[in-house]
Structures are given as C-alpha cells and as structure tokens.
Amino acid sequence: MNLKLLIFGPGAPDRQTSGLGKAAKHLTDELAKHVDLTLIEPKQVETLATKKVDHETLSFSDFSILKELATVSIESQLSAYHYQEVTSANTMEKVESQRLYKQLTTFSEELVLAGKKTDFEVIYAHDWITFKAALELKQKFGKPLLLHVHSLDFDRNFGQSTSWIFDLEKKAMMEADAVIAVSQYSKKIMSTEYGIPEEKIHVVYHGHTHAKHLVSKSPFTEKIVLFVGRLSGQKGPMQFLDIAEKVHEKYPNTRFVMSGDGDLYKKLIEAGAASHIADRFHITGYLGHDDLQKLYGLADVYCMPSFSEPFGLTALEAADAGLPLVLSDKCGAAELLPEAALADPGNVIQFAEEIVAILQDPKKSKARTEAHKEIIKNLTWKRSASKILSVIESII
Amino acid sequence: MTKLLSLTIVFDWERTLSEFSFLDIGSGKSYYDENEIAFFEKWYKSEAHEQLTQMVRSEHPTSVYFTGSFLELLVICDEEMVKSLKSAVKKGHIELLGGTYHHTLSSLYSGFHFDLEVGWHQKLIKKTFGTRTSCFFNTENIYYNDLAIQLKSLGYSSVFTGAIDWYLGPEKSRRIFSSGPEKDFKVLLISPNQGNSLFQDNAVENHFVQFDSTQLISAGGWNELVRKTSNKASIVTLDSQTAKDQGEEIYNVRQPISGKYHSIELKQLHEHPLQAGWLKQLYDLAPSIEKKSESIQKTWSSLSSTSHLKKLNPDLNSGDHNACYDTYQILINILSDFRLTL
C-alpha cells in the first residue's frame, strides 16, 4: 500500500509563470507515481492543472479525491510571491497589513478544512502561504510535516528579518520534521538567519525540463543580453537596466530584452523610456514556453542579477539553450553551473564587465556552455522527487 | 450686432496597432491591424457617413479637415461620398482645410516632418478633390510666429489657434488677427468648449467653432447643430469672415500655443514620460529618413500620430492600467523593426 501524502501546493502565481509553480508541478507529477497524493492549492491554478486532473472547478466543500492525483481548489487566493502587490505601496509596513494577515487566515482555514477531510500520513507543504495550515494539521493529527522552501521572506525582502511572515517561516521550519532547501545557499540562510538546525535541512536541487531548442536567426546586428524572471525587486530588474546602460557604454552593439511580468512592469518601462538605451531596451511581458525558447535562441548572454535567488530555474533553462551566463553571486542554481560568471548584484560595473567579456570573446564561452549542457543532461525532476521521497521516508 | 459663425469639422481615423511583439521584429508583420479596412468601414458607417451626408446636403457652409489616414480609407470604402464631397467643394459649400497628413505634432518637433506632412496632405486633397486648400487646421491648433512663415511659404493664408485671454488684453473680443511676421496671413482664434460660451459675450462678433466627429454626434449631429446655432448667428464661410475684417491687429506669439477643441489638453499628448520617450526616439530617426522613399517616410510619420500618443497616457486610458505600457512596448518593437528597413 502506497504512502498517503497530503500536499499543500503553492498555487498562485501559477504553474507556468513562476519557478515555484513550475517546480511544485513537476515534483507533484513525479511523486504521484509513487504515493497516493492529494494536492490542495489555490483555485486559480486549477485551470492549469496536470493532464491527470480532469474534473471541473469544485467548490471547496465539495472536493473529491481522484484516483491518482487529486487537485482540490479552494476559494481563497493568495500568492506566495505577489503579496507585495496586495497594497499599492511596496513597503513592509503595508505588506504587514491586517488585510494580508486576514487573507492568510481565511486561506489557512480552508486548507485545514480540506486537510481534515483527507486521509493522509505525511503533510508536504510548499512555501509560507501553506505553512500556517500545515502546522495546524500537524498539531491536530500528530502527522509528520515536511516543508519545501522555494524562497524565503528574507530573499524576497532584501534581508528583512522582522516581519510576521519571517516569523511564520521560522516557526514552521522549527516545528517541521524536515525542511527541504533548494540550494546550499538557501540552506545557509535558513541556518544563519532563521536559526534552523542544519541537520534538519536537506538540500534537493530542482530538476530540469529539457526543451527542444529552436535555432532562431536574429534580425539584429546587435548582440542580445537577456533577463528572464519576475519583474519584482528580488530579481533585480532595475539593476538589469543599470547594467544594460553600462554594457552599452562599453559595447554599443547590444540590445537588451527583459522577459517577464510583475509589479515593477510599469516602473521599468518608464525608466527604460527615459534611458539613453530606450531604443534598444525591450520588455516582452510574460512569454509562453515556445516563445521563451525562441528568445533563448536569439540571445547571446543571459543575465540574472537577483539580490537573493534560492535557486533560479531560468538559469538552467538558459544554460540548456546554450547561453553563457552571468549570475548573481547570491544564486542557488550557480551551485550546479560552475562555469557561470558570478557578480555581486549590487555591483553594476562588475556585472557589466562580465557580460562585456563574454560578448567580446564568444569562443571562450563556448567550452563553458558545452560543460553546462553536459551537467544539465543529468538533471531530472524524477531524481529530485526520488530525493524528496527519501526525506519523507526518514520522517515517517 | 450680427454674430458670424464658421463651423469646422475634423475627421480622423485612429489606426489600430497590431500586437507587434519582440519576436515579430524582422518578420514582415504589419504594424497595423490586418482588419483595418473592416474596422474603418464599421466605424465610418456608425459615426461619419451620416454626418458627412447631412453636411453635403445642408444649405449651410462648413469647413472640413480630413486627415490623410481618414481620406485614404474613405476613397477605398465610399467612392460615392467622395464624389458628393467633390461636388460640394466645387460649389464652395464645403471648404477643405489643409493639415498634417497623419494628425501629428510635427509642427512642434520637426520642420522637416511638418513640411513633408503638409505636402502629402496637399497632394492627396488635389488628387482626390482636384482642389487646393488655403486655410490650415494644425493638430491641436498649435501656432507660433515662425509657423506663419512656414505656412505662408506652403501656400496658406490663414490658420486656427487658441484665444489666449491674458495675451489679448484690450483686444479680448477680437477673433481675427494678422500674424506677427506675415501681415497678410490671418490667425483665427477658435471659441473654446464647442462654442458653449458662444453667445455669452455680446462683444465677440466673429466665432470659429470646431468639432471632431465624435463631438458632432454628441451635439446631435450636423443638422441639429445647425438648428441650434443658426437662429443665433449667421453660419458663414471662413472667407466671409476674414474678408470683412480689415483690421491689422497682430497676434504676436513667439512660443507655441494651442487651441483646445475637444476634451484633451495638448500637454496630455506629449508630456507623459512614455510619450516624451517615444517622441524622442521617433524624432532621433528624422535625419536618417530625410533621403528615404516617400513610403518609408510615411510609415515613420504615421507612427507619430496623436492617436498613438493618446494611448501612451494613463490619464487618457483609465480603463486598462497596463494598456499604455503595453502600447509603448509595441511601439518600441515596431520602431526596432522599422530601423531594419533604413
């Protein structure tokens, strides 16, 4: 008889537009092959549910568990990443508003209600929005709790450690039976900033979905420097504009493309319009899989200036597409990509110099990109799921 | 005192940009919606056709500014209307006005672009109606002294602009002036608010009132507009008013001013950072297109249309907060594509 696993999924933003969503989806698919799995997550994700899920939107009190994989939609909607958008101003004071806390409370109540109706042996919860409910269920039923931390409040808020979300994350990690970190970098933050015992933290790197690479002929004579990610402060999109301006000063034959959406979309466009590189600074908005692959095919270098990136799935995607990388030195994926150039996201000049060095000597980058492709070949979600199962077995 | 009123109606077609993404650059995709003609026909039938029909059949004279964008499609979609207009123009019943081809702010940004647009507009009017224009309707009624010199050299004898009260001083009731640098070039000051205040000031004898096609419908249409105004003022041609005025008072305007005839202020069309950024990029290209073909020049010119500028101001697009930013990105992609053709 299979292990009965209750997953509290991250839901929003959604499975397609965030690393958290993508990772949770792939891991759930793999785990479902080995355990009896019930997935409960915010309603809006339901429309993007896996092929195995063929039911229509259910009201929360009317959920049913499918044979292999159940997705139960809940009415409350809360985003693990977008909570800064709950208010018009992105100040921590605003984020810590009563409104957000109330949303979390309602959301958690619904999760708990659903969880109570489910037969499970282990609770497996993704990121902070599910932690409150997961803790409550653990306390009520005494079942083991595994937390999977894709990003921390510390990452999202530039080293902030005085919020109630930080406190919630800390409490949950302290009380959980095990915690999965997505990188050694993230494990270190859990340990040093949150005080979580290291022996409780297991690093499981994300897998990778190997894409068919499209060879695109660029219409431009310029080389393209690419950013892919959520347009929020954590990812350093404003840094990218500064970096782009510096790169252009030193290597004028360049064009800059940002792919993604987020709360800084408008601010970035206005800043770009006022920049001296306005005529070569593009923001594509969110791109679907095929268009993103085309974009990787057009680009010459990938840049990730995140201020704190627990993992960074797009770095793997870019490397798989054969792009040389310049990554933040605070990026988990860099642990798997030893040939990537690293730079301090606060140091625009250093970032720009690394990019220019790649643009000036593409042959030198060739060997590095080939090495990354070899590494990535071995990265699978199956392998990641297998490691997670080992962690689960260790806490039963 | 008999009040004299000249009505001017503006017909513009605001072209819809296609969803031109970064990945479309270099693909040959059109910058404008592929169903543009169908969209125009639908809009024309609901908004413009009836008004033009009433104007053509009316006993009262009017002056009309057709943008090049409007006229190009009118010729394709309603040949009969073009014939009717041509006949009305010949009789002197409808006076056609000169203007910028793409309804742009070129008079503020580039003398070269302005000359091009006026030339194209004159050519199109000549080709379509076999006539020439003598009075100029500049976009947003922009005017300044040097513009009078430029317009006179292009064959015009008068232009509209706004009445600046603080400037007019003791001449506040006068609406017909000579320009500063060109004494025989007339400057006609429009009445604001579609003439709502037309009859409040008895001292004002001459009135120039402008409507765009949407406002005309809001006013009840051409026939209703005439009914409302004709018993309070004599509706006359522009020539009738300017010929009677023998004064030589000068409207000496060194810096550009405008005349508001609809709900949008001039500053709302070019002062938002997205608009300013877009216009800068567009006009930075001006030197490189000077020697290009008319087709390339027209493509570039059309991108500066005020219809695009309107879409770049969030205050004018309150329904969709991201729309202006999406439009800006589309325009940047289009301009990047356009550069590849240079």
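This report walks through a predicted two-chain model, with most of its attention on one strand of chain A and on the contact with chain B.

**Confidence and overall make-up**

The model is predicted, and it scores ipTM 0.87 and pTM 0.87. In chain B the average pLDDT is 92, with 96% of the residues scoring at least 70. Looking at the elements of chain B, the lowest mean pLDDT, 80, belongs to helix H7 (residues 165-168) of chain B, while strand E4 (residues 135-136) of chain B has the highest, 98.

Chain A contains 14 helices and 13 strands. It has 396 residues, and 52% of them count as buried. Among the contacts in chain A with a separation of 6 or more, 70% are between residues 24 or more positions apart.

**A strand inside chain A**

A good place to start is strand E9 (residues 254-259) of chain A. Because six of its six residues are buried, this strand is largely enclosed by the rest of the structure. In a regular strand, side chains alternate between the two faces of the sheet. For E9(A), one side carries Thr254(A), Phe256(A) and Met258(A), the other carries Arg255(A), Val257(A) and Ser259(A), and all of these are buried, so both faces are covered.

Which strands pair with E9(A), and in what sense? Strand E8 (residues 223-228) of chain A does so in the parallel sense, and strand E10 (residues 281-285) of chain A also runs parallel to E9(A). The table sets out the two pairings.

| Partner of E9(A) | Bridges | Residues opposite each other | Helix of the β-α-β unit |
|---|---|---|---|
| E8(A), residues 223-228 | six | Lys223(A) and Thr254(A) | H8(A), residues 237-250 |
| E10(A), residues 281-285 | four | Phe281(A) and Phe256(A) | H9(A), residues 265-273 |

Following the chain, E8(A), H8(A) and E9(A) make a right-handed β-α-β unit. E9(A), H9(A) and E10(A) make a right-handed unit of this kind too.

**Where chain A meets chain B**

Helix H9(A) and strand E10(A) come up again at the contact between the chains. That contact takes 16 residues from chain A and 16 residues from chain B. On the chain A side, H9, E10 and helix H10 (289-298) each supply at least two residues. Which of the elements gives the largest share? It is H9(A), with five residues. By type, the chain A residues that touch chain B divide into nine nonpolar, two polar and five charged.

So, to trace the link on screen, start at E9(A), go through H9(A) to E10(A), and look there for residues that touch chain B.

Note on methods:
Residues numbered from 1 in each chain as written. Chains lettered and ligands numbered in written order. Buried ≥ 20, exposed ≤ 12 C-beta atoms within 10 Å, placed from the backbone. Contact = placed C-beta atoms within 7 Å. pLDDT = per-residue confidence, 0-100. Pairing = 2+ DSSP bridges. Right-handed = clockwise from strand over helix to strand, strands pointing away. Nonpolar A, V, L, I, M, F, W, Y, C, P; charged D, E, K, R; others polar.
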